[in-house]
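Please find below my comments on this structure, set out as numbered points for a reader who is new to looking at such models. It may help to keep the view open and to find each residue as it comes up.

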Amino acid sequence: MGSITPAIYAIPPLIGVAAYLALHNLWIWLGRRSEPLHLWISVWCANSLLYLTSHYVQIASALPEHVVLGGRLAWTSAIVLIVMTIGLSHALVGVRLPRRLIWPVGILNAGLLLLVWLTSAIVTDRAYVRTDLLGYQYGAPVAGPLLPLLVPYILGVFAYAWRTLGRGEMDARERRAIRAGFAVYIVSWKNRFWGVGETDPDTIFYTEDGKVYQWPNQIPIYPVGQEANGLVAFAARKD
């Protein structure tokens with residue numbers, strides 16, 4: 001592979017920050033157990049630590065088995081994030097998680113974790129070399145055949161969290177600020193996600209083939225800066 005990506009030096013401090021925030025919010029929750037928000041934030045930060053660790057494992061070693069391990073850790077983090085998104089959205093609006101939702105999601109995610117670690121359905125045992133936007137190379141696992149099937153599940157969780165945040169009793173400005181973190185136009189097409197964020201409405205970002213958690217590619221929408229809204233919709237079309 002080529003030269004080492006600078007991310008290998010940036011990730012360890014970020015791991016430290018995530019660990020501190022996880023422990024800090026856990027400490028706050030231990031003193032305020034009637035307020036579950038800090039517990040969910042703590043678990044969210046701990047899951048972020050897991051994702052950062054997975055990426056560090058991928059870029060710090062050229063061994064295929066380490067790359068595959070990093071990929072499995074990354075998808076473990078992604079599956080846990082599904083639960084975190086649902087739980088945090090309920091905590092932000094002060095609504096308890098319904099049991100009829102907890103059990104199906106928990107069972108489904110447990111099954112997905114078994115597929116990640118015991119089979120090649122989501123992450124295979126093979127690795128390849130990929131190049132990022134800065135020209136640095138690192139190893140990445142080859143996606144399994146069932147990975148595209150997670151796309152509707154992830155979109156469904158996103159829609160549920162968005163709807164939950166809209167039903168909460170909170171100030172309108174606070175609701176808009178929280179929803180801004182979710183506010184993107186996003187579609188699935190040709191085994192990729194394509195999306196536009198709130199901060200850069202003149203650029204389409206899209207994932208690698210079959211990798212819904214990595215967005216290294218972008219396409220500018222011309223004429224850039226002509227008006228404030230930028231791209232406002234995606235339309236379906238034939239190939």
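1. Of the 239 residues of the protein, 37% count as buried, and this figure, like every other value in this note, comes from a predicted model. The protein exposes about 14,000 Å², and carbon and sulfur atoms supply 64% of that area.

2. The secondary structure comes to six helices and six strands, and, read from the N terminus on, the elements follow the order α-α-α-α-β-β-α-α-β-β-β-β. Among the contacts with a separation of 6 or more, 54% are accounted for by residues that stand 24 or more positions apart.

3. Which residues of the largest nonpolar core touch the most other members? The core has 15 residues, and those that touch the most other members are Trp75, Leu112, Ile122, Leu150 and Tyr153. Helix H3 (64–93), H4 and helix H5 (150–167) each supply at least two residues of this core, and H3 gives the most to it, with six residues. There is also a second, separate core of six residues, which includes Ile8, Leu52, Ile59 and Tyr138.

4. Ile122 deserves a closer look, as a member of the largest nonpolar core that lies in the loop between H4 and strand E1 (123–131). Is Ile122 buried or exposed? Its relative accessibility is 2%, and because buried means under 20%, Ile122 counts as buried. Leaving aside residues up to four places away in sequence, Ile122 touches Trp75, Leu112, Leu115, Val116, Ala143, Gly144, Leu147 and Leu150.

5. The surroundings of Ile122 also show how parts of the chain that are apart in sequence can be compared in space. The C-alpha atoms of Ile122 and Pro148 are separated by 8.8 Å, although these residues are 26 residues apart along the chain. Leu149 and Ile122 are 27 residues apart in sequence, with 9.4 Å from C-alpha to C-alpha. Leu149 is placed in the loop between strand E2 (137–143) and H5, and because its relative accessibility is 58%, Leu149 counts as exposed, whereas Ile122, at 2%, counts as buried.

6. Helix H5 has 18 residues and reaches 26 Å from its first C-alpha to its last, which is close to the 26 Å expected at 1.5 Å a residue. Its buried residues are Leu150, Val151, Tyr153, Val157, Ala161, Thr164 and Leu165, and among them Leu150 and Tyr153 belong to the residues that touch the most other members of the largest nonpolar core.

7. Asn109 lies in helix H4 (residues 99–118), and because its relative accessibility is 4%, Asn109 counts as buried. If residues up to four places away in sequence are not counted, Asn109 touches Ile79, Ile82, Val83 and Tyr153, and the last of these, Tyr153, is one of the buried residues of H5.

8. What do Leu23, Leu26, Trp27 and Leu30 form on the surface? These residues form a nonpolar patch, with about 450 Å² of accessible area together. One of them, Leu26, has its place in helix H1 (residues 7–31), and because Leu26 has a relative accessibility of 31%, it counts as partly exposed.

Technical notes:
Residues numbered from 1 in each chain as written. Predicted model: local features only at pLDDT ≥ 70, side-chain atom pairs only at ≥ 80, totals over all residues. Heavy atoms only, no water. Helix = DSSP H or I, 4+ residues; strand = E, 2+ residues; numbered from the N terminus. Buried < 20%, exposed > 50% of the residue type's maximum accessible area, 1.4 Å probe, protein only. Contact = heavy atoms within 4.5 Å. Patch = residues over 30% accessible without salt bridge, like charges linked within 9 Å, V, L, I, M, F, W, Y side chains within 5 Å. Areas by Shrake-Rupley, 256 points an atom, 1.4 Å probe, with all protein chains shown as cover. Salt bridge = Lys/Arg side-chain N within 4 Å of Asp/Glu carboxyl O. Core = buried A, V, L, I, M, F, W, Y, C linked by side-chain atoms within 4.5 Å. Expected span 1.5 Å × (residues − 1).
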